[in-house]
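Here are my notes for someone opening this structure for the first time. Keep the viewer beside you and go through the points in order.

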Amino acid sequence: MSEVKKNYSVEELDRMNNAELAALGTELDDVTVAYRKERFPVEGDPREKSAERGIKIWLTISVLSALAFIGVYLFWPWEPKFHGDDGLWTYTLYTPLLGLTAGLAFCALGVSIIQYVKKFVPEEIAVQRRHDGPSSELDRRTTTALLNDAWETSTLGRRKALQGLLGTAGVLAGLMVIAPLGGLIKNPWKVRHELDYHGDGTLWTHGWTIQDKGVKVYLGRDTGAIAELHEGEVGSHYSTAGVSRLVRMRPEDLAAAAMETVFPLYPEDVNDGEDYDPARDVYEHHMHSIHGPRNPVMLIRLRSQDAKRVVEREGQENFHYGDYYAYSKICTHIGCPTSLYEAQTNRILCPCHQSQFDALQHGKPIFGPAARALPQLPVTVDEDGYLIANGNFVEPVGPAFWERQS
Ligand code: FES
């Protein structure tokens, strides 16, 4: 291989046109172009127009699909519907339509790019030897020229319609990725609805907060019951009438050294014991309580010898009922359920990052990344002997956020 001249003055480089600089860059990079062929060397070739038409069709599909995705995302009815509700089918189509339109948009964009490269970028076989060292001014200039050359020979510069479509499809594809993030942005201070099992929509409310309005709240035990099969003259069907997912608890329902996860249960949703009515359907309300993100509470019955060693937190001395202590199940680290109660040590463990809390010391963290105690729910027993909450938590439940003072 003959030696390539490497020392060029700025004036000499200025005198070269783009094609000469690109050729020089190829030589300086020890690249040998073994084969190069324009796709459509003759101007006005009808096959060129047909190839362009094909790519435009793919890009148009991509643009329309992306617009359809954004339209579905913004305007399609997305609120959950349940069996028997109007609009169930429309709601059921929401997620498939998002998937279909997004998939089609990306797929069509990908096909159009592949088609463009195959149909318009010159065919070329080039061989390059590797060499070390930093890039010189000469290299940088020639590399820029090569990129310019690639842009020119790709002919994209003179295909304005394709440029527009490609740009639009690219922008919309990016929007499809970014737009759904909008759904995650919410005003955390906005009260969205009346207090219920989900609080009022703010971070510091939950199913237990309703006690602030004087409503009695039972500690509901999850029975795990599901819809029951009924046989009738018109055939068999499943029904949740008479199925109580949450039932009230009495202190004697829990053995010493045991833990039970309980959920808020409002008097109007009680369907158990002497108040049981097989025709009532409170199942959906119970499921709302179970699905409330800050509702689960661990009701722990300490062994009486352990209960003697309890260290109460100031101001929470009467939060327990005898040996019964109730702590929020939502870890104060980043909100996992602290599901493991170890009766031997009276430790509550969070499986996510191994935080441990002491049930004998007002749920104080004693190991791991959690820095705050598990909030304690005041509990007592009502006149009928059922366990009820004796007030609201005195601090927000769950991980830290800016409103939290403790
Ligand atoms: S969420 Fe419980 S330790 Fe991290």
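1. Is V247 buried or exposed? Before answering, remember that this is a predicted model. V247 is buried, because 20 other C-beta atoms lie within 10 Å, and a count of 20 or more is what it takes to be called buried. The residue sits in strand β6. Leaving aside residues up to four places away in sequence, V247 touches G220, R221, T223 and D272. Have a look at V270 too: V247 and V270 are 23 residues apart along the chain, and 7.0 Å separates their C-alpha atoms.

2. Now zoom out to the domains. The domain assignment splits the protein into domain 1 (10–184) and domain 2 (209–389). Taken over C-alpha atoms, their centres are 56 Å apart. For a single pair of residues that shows the spread, try E317 and G133: they are 184 residues apart along the chain, with 73 Å between their C-alpha atoms. E317 belongs to the loop between α9 (304–307) and β9, and it counts as exposed because it has 10 other C-beta atoms within 10 Å.

3. On to the cores. The largest nonpolar core holds 42 residues, and V217, L219, M298, L299, I300 and A326 touch the most other members. At least two residues of this core come from each of β3 (218–222), β6 (246–248), β7 (258–265), β8 (297–301), β9 (324–328) and β16 (387–389). Apart from this core there is another one, of 19 residues, including A66, L109, L166 and A173.

4. L219 is a good residue to click on in the largest core. Not counting residues up to four places away in sequence, its contacts are M249, V262, L299, V379, L387, I388 and A389.

5. Helix α3 deserves a quick length check. How far apart should the ends of its 30 residues be? At 1.5 Å a residue, α3 (residues 46–75) should span 44 Å, and its end C-alpha atoms are 43 Å apart, so the two agree. The buried residues in α3 are I55, W58, L59, S62, V63, S65, A66, F69 and Y73. If the spacing in that list catches your eye, recall that an α-helix has 3.6 residues a turn, so residues three or four places apart point the same way. The buried residues of α3 pack against α5 (94–120) and α7 (160–178).

6. A word on the database record. An unreviewed UniProt entry carries the annotation "transmembrane region" for residues 57–76, 88–111 and 164–185. In the model, residues 88–111 are 96% helix and 0% strand, with end C-alpha atoms 35 Å apart. Residues 164–185 come out at 68% helix and 0% strand, and their end C-alpha atoms lie 31 Å apart.

7. UniProt (again an unreviewed entry) also places "domain: Rieske" at residues 294–388. Over that stretch the chain is 4% helix and 32% strand, and the end C-alpha atoms are 17 Å apart.

8. Next, two hairpins. Strand β4 (residues 228–232) is hardly covered, as zero of its five residues are buried. β4 runs antiparallel to β5 (residues 235–239), and five bridges join the two. The hairpin between β4 and β5 has two residues linking the strands, and G232 has G235 as its bridge partner. The other hairpin pairs β12 (residues 356–358) with β13 (residues 364–367), antiparallel again, through three bridges. Here F357 stands opposite P365. Five residues lie between these strands, and H362 in this hairpin takes a positive phi near 45°.

9. Last, two loop residues worth a look for their backbone angles. N346 is not a glycine, yet has a positive phi of about 60°; it lies in the loop between β10 (340–342) and β11 (347–349). Q354, also not a glycine, has a positive phi of about 65° and is found in the loop between β11 and β12. Which of the two surroundings is which? N346 is buried, because 21 other C-beta atoms lie within 10 Å, whereas Q354 counts as exposed because it has 12 C-beta neighbours inside 10 Å.

Conventions
Residues numbered from 1 in each chain as written. Predicted model: local features only at pLDDT ≥ 70, side-chain atom pairs only at ≥ 80, totals over all residues. Core = buried A, V, L, I, M, F, W, Y, C linked by C-beta atoms within 7 Å. Contact = placed C-beta atoms within 7 Å. Pairing = 2+ DSSP bridges. UniProt positions renumbered as here; feature names shortened; annotations may be inferred. Expected span 1.5 Å × (residues − 1). Domains from an automatic or database assignment.
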